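Biologist: I would like to learn how to read a structure of this kind step by step, beginning with a whole chain and ending with a single side chain. Could you take me through it?

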Amino acid sequence: MHIEADAPQEAIAKLYNGYNIDIYLSDELNASHIVELVGNTRKSTNYYKVVIKQLNRKSKPINYIEPMPKKQLQRIIRDFKAKGGVILINDDVDEFLRKQGAEGSTLNENTILLVKNPSRSAVHEELIHAEQYRKGKNNGSRRSRLLCEIEAQKILIRKKDELGITDKENEQTKLALKAYEEEYKQLNKRRR
Amino acid sequence: MRVLKIIDTIKIGDNTLIAVNDPCEDIKNGSGLLDENGVPHVILSIATNSNKNNINITNILVEGDIESKQVFI
């Protein structure tokens, strides 16, 4: 018998159902674990022994960012292609970007590179950059690249809910915005 | 003229995307660079990256093939 639950308490509540239960925790529990009722270990009437264990479910790393759902990504790739563009996602691109710690890179108005399983904010950011190229906002200079980055981060923050961007991603975007704005300030100082 | 060490490359169609660890303040789309053999290449575009960790890595799309460990700009 397996019971899926979002928390130990919920699983216990589902199992309890009026019986007395001994609970044995076999591992440290996180949310979304699976609860297993071990065999027919009824000790006496209305008494069950239950083991709660985490089954092959590793806890997610602290910096884990939820990827964009595959269907949504496929739709975006299709729409971008229909406009004459291409979004490249393959092993070579994935390795190239991940080595840099990047999720995406926009080469021009028609070419976007993305890692496999990119986050929502990475996909939308690259689409914004492609649009910036199309509008002639980016001539490749450091100044225009920084201005485009700043604008892109601001759009992502403003449209957070509309684009389904998580709080964690949003925090990263805010940090990136700060870094780009600071770099832009420094660039202007160097040019004076 | 400055020398930039290439940290990675990837072929994009007939062209090459090179990654350098430099903010590249002195180039823009249409500029040129030389590979280590002195062969000139046109910079087709300079990419924007969603790299929140290192904003000084620059990806440069260069016309043609580049078999070089460094470039001169």
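Modeller: What follows goes from the outline of chain B to its strands, then to the sheet it shares with chain A, and finally to some individual residues. Please keep in mind throughout that this is a predicted model.

Biologist: Which elements make up chain B, in order from the N terminus?

Modeller: A good habit is to list the elements before looking at how they are arranged. Chain B has 0 helices and 7 strands, so its order from the N terminus reads β-β-β-β-β-β-β. The radius of gyration of chain B is 11 Å, close to the 11 Å that the globule rule gives for 73 residues, so chain B is as compact as a globular protein of that length. Along the principal axes, its C-alpha atoms fill a box of roughly 35 × 30 × 20 Å.

Biologist: How much of chain B counts as buried, and what supplies its exposed area?

Modeller: Of its 73 residues, 49% count as buried, while the chain exposes about 3,400 Å², with carbon and sulfur atoms supplying 48% of that area. The contacts can be read alongside this: among those in chain B with a separation of 6 or more, 57% are between residues 24 or more positions apart.

Biologist: In what order do the strands of the barrel run?

Modeller: For a barrel, one follows the pairing from strand to strand rather than the order in sequence. Here a closed barrel of 6 strands in chain B runs E1-E2-E6-E4-E3-E7, with antiparallel pairing, and the twist from one strand to the next averages 45°.

Biologist: How many bridges join E1(B) to E2(B), and how many join E1(B) to E7(B)?

Modeller: E1(B), residues 3-12, pairs with E2(B) in the antiparallel sense over 6 bridges, and Ile10(B) stands opposite Leu17(B) in that pairing. These two strands form a hairpin with 2 residues between them, and Gly13(B) in the turn has a positive phi of about 60°. With strand E7(B), residues 70-72, E1(B) pairs in the antiparallel sense over 3 bridges, and there Leu4(B) stands opposite Val71(B). Elsewhere in the barrel, E4(B) (residues 40-46) and E6(B) (residues 57-62) are antiparallel partners over 3 bridges, with Ile60(B) as the bridge partner of Ile46(B).

Biologist: Which strands make up the open sheet, and where does chain B enter it?

Modeller: An open sheet is read from edge to edge, and this one has 4 strands in the order E5(A)-E7(A)-E6(A)-E5(B), with mixed pairing. E5(A), residues 86-88, and E5(B), residues 48-49, stand at the edges with a single partner strand each, so one side of each is left without a neighbour in the sheet. Chain B enters through E5(B), which runs antiparallel to E6(A) (residues 104-108) and is joined to it by 2 bridges; in this pairing Asn49(B) is the bridge partner of Ser105(A).

Biologist: Which strands does helix H3(A) lie across?

Modeller: For a helix against strands, one notes which strands it touches and the angle between directions. H3(A), residues 91-100, lies across E1, E2 and E6 of chain B, running at about 155° to E1(B). H3(A) also lies across E5, E6 and E7 of chain A together with E5 of chain B, at about 70° to E7(A).

Biologist: How many disulfides does the whole structure contain?

Modeller: A disulfide is a covalent bond between the sulfur atoms of two cysteines. The search over all chains finds 0 of them. The cysteine sulfur closest to that of Cys148(A) is in Cys24(B), 16 Å away, which is too far for a bond. Cys148(A) is buried, with a relative accessible area of 2%, and Cys24(B) is likewise counted as buried, at 0%.

Biologist: To end with one side chain, is Leu33(B) buried or exposed, and what does it touch?

Modeller: Leu33(B), in strand E3(B) (residues 32-35), counts as buried, because its relative accessibility of 3% falls under the 20% cut-off. Leaving aside residues up to four places away in sequence, the residues it touches include Ile18(B), Ile43(B), Val62(B), Val71(B) and Phe72(B). The last of these shows how sequence and space can be compared, since Leu33(B) and Phe72(B) are 39 residues apart in sequence and 5.6 Å apart in space, C-alpha to C-alpha.

Key: Residues numbered from 1 in each chain as written. Chains lettered and ligands numbered in written order. Predicted model: local features only at pLDDT ≥ 70, side-chain atom pairs only at ≥ 80, totals over all residues. Heavy atoms only, no water. Pairing = 2+ DSSP bridges. Axes fitted to C-alpha atoms, helices over the stretch in contact; angles between N-to-C directions. Contact = heavy atoms within 4.5 Å. Rg over C-alpha atoms; globule rule 2.2 N^0.38 Å. Buried < 20%, exposed > 50% of the residue type's maximum accessible area, 1.4 Å probe, protein only. Areas by Shrake-Rupley, 256 points an atom, 1.4 Å probe, with all protein chains shown as cover. Disulfide = S-S within 2.5 Å.
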